[in-house]
Amino acid sequence: MGWTPEIYQSRIANHSARTRHPAGSPSAEEIGGYSEACDGADSGGTALVLGMTPELRIMAARRFRKVVAIDSSEVAINLFADWLPESLRKKEKVIHGLWTDLDHHLTGPVAVVLGDGIVGNLPGYGTTVSVLKSFRKWLAPGGRCVMRNVIVMRDVATGRFRFTRLLEDFRAGRIDAAEFGFTARILGFHDVAYDPDREVLDNARVYAELDAMERAGDFSAEEASAIARYRFMGTNYFPSEQSWRELLAAAGFSPPENQRNCGKLWNDYYPVQSFFPV
């Protein structure tokens, strides 16, 4: 059970204003980091956006001559296709297809590859190397990749992301609803839901734990709402810091460079990063 229509809808904060909840979607400040990382890329070229992330597509359409957005979900395409301002839509081509099949979707080089949570939606190490190599193949001279991916930190075992700690911090006002709800899913049950050998998070296991706690009355309505925003019942590939650097090197890219720090808890494990072909 992966990206259902209900899950896409839960990410939306305000339908009429076309805004989405932070953490699960890049904030304005994070989009600024994406934009800064595009400095030096050919603005007369094409931006490839992986997925239908509206915030990224809008930024790309403002900065580049053409945008190609690729997503395998018809639900996401139908839901977010018209979120670009009408004046920018003529610059965008939306393709229903797979990121693993760029050779069938692209007709020329791209100036940048942009994405949000891309690696987490791939099955594992081998596919990720293959996809990254494909990005490298299609990048024009001076091109680069800019994306957020969940990277499991070396200090995750210290307990600062453990669910009980997150709940305590939220109740004390030290973190906000987005920091609490998103991190609860990604790292809150790392010790029981994450397979360190495969580097895969079983989200169904995470929400089995959370649902049991909710039935027991361990959450307030506000806490339950923050958790529900980021619900996802599939699996995610979340590489360790070491694996992530190895993946990039194997695909022919430079080590990742962190962009603007948004000052939120997820910046430590879900940063905007850029990397270049070497």
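**Exercise 1.** Locate Arg18 in the loop between β1 (12–14) and β2 (19–20), and describe its phi and its exposure.

*Solution.* The model is a predicted one, in which local features need pLDDT of at least 70, side-chain atom pairs count only at pLDDT 80 or more, and totals for chains, interfaces and linings use all residues. Residues are numbered from 1 along each chain as its sequence is written, and side-chain values use heavy atoms, with hydrogens and water left out. Strands are DSSP runs of E with at least two residues, helices runs of H or I with at least four, both numbered from the N terminus. Most residues other than glycine have a negative phi. Arg18, although not a glycine, has a positive phi of about 55 degrees. With a relative accessible area of 36%, Arg18 is partly exposed, a class between buried (under 20%) and exposed (over 50%), taken with a 1.4 Å probe and protein chains only.

**Exercise 2.** Classify the aromatic pair of Phe182 and Tyr269, and say which parts it ties together.

*Solution.* Rings of Phe, Tyr and Trp (its six-membered ring) pair if their centres lie within 6.5 Å, and planes under 30 degrees apart count as stacked, over 60 as edge-to-face and the rest as tilted. By this rule there are 12 aromatic pairs. For Phe182 and Tyr269, 6.3 Å centre to centre and 15 degrees between the planes make the pair stacked. Phe182 lies in helix α9 (residues 177–186) and Tyr269 in the loop between β11 (257–258) and β12 (272–275), so the pair ties together parts that are 87 residues apart in sequence. Phe182 is buried at 4% relative accessibility, and Tyr269 is buried at 0%.
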